[in-house]
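Here is a friendly walk through the sheets and one helix pair of this model. Please keep the 3D view open as you read.

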Amino acid sequence: MAHRKVSRNAPCPCGSGKKYKQCCIRKEFEWQEDDDGNIFKSMPISDEMKVILDEQRQAFIAKHGREPDPDDLVFPNMPHFEHMEHQMIEAMKEAGIDPAIIYATEKTGRIVSEENVELLSDIELEEWEEAIEEYRAEHSSQEPPQYPIGTVALYGPDDKTTTKIVAGVILEDDAEVIIERWVGTDVTESPRVQQGIKEFFAKHGVKSVASADQNMGCPHEEGEDFPVGEDCPFCPYWKGKQGSNSPF
């Protein structure tokens, strides 16, 4: 059956509501369509996996005397998926993996890592993040904060436009905050910024994250862009308002 790429101007099959060219086309996988109109995700495989699949193909031919069909199992002797998933979850618990990640894995059926993030659509990544946040919101009052702690703060010229994101990492109680900044007109929507924050937190082994859902104040630096103790002359919206002077 022939396969063809989904049109660049077609709605993205991931369900984001955007055109394909404005969404998943930048990822490391392709959405394709067969002659029956079925949409599926085509992902690259590693050289190691190619070797394994070829070995399975040769074993199938030796046993059945024919090439495997699309409906034939690639690994016929593997245990049932639900049993494998249960074993994986138990192994994650024994390894001391963050319970929020375990919860997100059980809820979404996937694990998100630096290695596979570009093989997932924005919707899939959003589902993962929502599961993480859901777990942490439910257990935030029951568990003490886990160090290293990550923080995310938003800043902008007013309370609607975010032009600066500041991520911080606290390695232990009373430790000095490690800071990383991102600035831009589309800073909250930028995949580069989102990936940068994830890599920043991963680098420092962040176990819990506290984030703001609205701008905390002016994006300019007190003491650098304007005198300490004064209002920012570039952002009149914040004049006299609490939060005008950035803690970062």
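## The three-stranded sheet

Glu30 stands opposite Ser42 in strand 3. This is a contact between strand 2 and strand 3, which pair in the antiparallel sense over four bridges; two strands count as paired if DSSP finds at least two bridges between them. Strands here are DSSP runs of E with at least two residues, and helices are runs of H or I with at least four, both numbered from the N terminus. The two strands form a hairpin with four residues between them, and Gly37 in the turn has a positive phi of about 85°.

On the other side, three bridges join strand 2 (residues 30-34) to strand 1, and the two run antiparallel. His3 has Asp34 in strand 2 as its bridge partner. Together, the three strands form an open antiparallel sheet in the order 1-2-3. Its edge strands are strand 1 (3-5) and strand 3 (39-42), each of which pairs on one side only. Neighbouring strands of this sheet are turned by 40° against each other on average, direction ignored; axes are lines fitted to C-alpha atoms, for helices over the stretch in contact, and angles run from 0 to 180 degrees between N-to-C directions.

## How to read the model

This is a predicted model, where local features need pLDDT of at least 70, side-chain atom pairs count only at pLDDT 80 or more, and totals for chains, interfaces and linings use all residues. Residues are numbered from 1 along each chain as its sequence is written, and side-chain values use heavy atoms, with hydrogens and water left out.

## The four-stranded sheet

A second open sheet has four strands in the order 6-5-4-7, with mixed pairing. Strand 6 and strand 7 (208-217) are its edge strands, each pairing on one side only. Here the average turn between neighbouring strands is 15°, direction ignored.

Which strands pair with strand 5? Strand 4 (residues 149-155) pairs with strand 5 in the antiparallel sense over seven bridges, and strand 6 (residues 178-183) pairs with strand 5, also antiparallel, over six. Along the seam with strand 4, Ala153 stands opposite Val166 and Thr151 stands opposite Gly168. Towards strand 6, Lys164 has Val183 as its bridge partner. Strand 5 (residues 164-170) is mostly covered, with six of its seven residues buried; buried means under 20% relative accessible area, exposed over 50%, and partly exposed in between (1.4 Å probe, protein chains only).

## Helix 3 against helix 4

Helix 3 (residues 99-108) and helix 4 (residues 122-139) pack at an angle of about 130°, with their axes 8 Å apart. That makes helix 3 oblique to helix 4, since angles under 35 degrees count as roughly parallel, over 145 as roughly antiparallel, 65 to 115 as roughly perpendicular and the rest as oblique.

Which residues of the two helices meet? Those in helix 3 include Ile101, Tyr103 and Lys107, and those in helix 4 include Glu127, Trp128 and Arg136; contact means heavy atoms within 4.5 Å. By class, this contact of helix 3 with helix 4 has nine nonpolar, two polar and four charged residues. Ala, Val, Leu, Ile, Met, Phe, Trp, Tyr, Cys and Pro count as nonpolar, Asp, Glu, Lys and Arg as charged, and the others, Gly among them, as polar.

## A buried loop serine

Ser190 lies in the loop between strand 6 and helix 5 (191-203). Ser190 is buried, with a relative accessible area of 8%. From Ile170, Ser190 is 20 residues away in sequence and 24 Å away in space, C-alpha to C-alpha.
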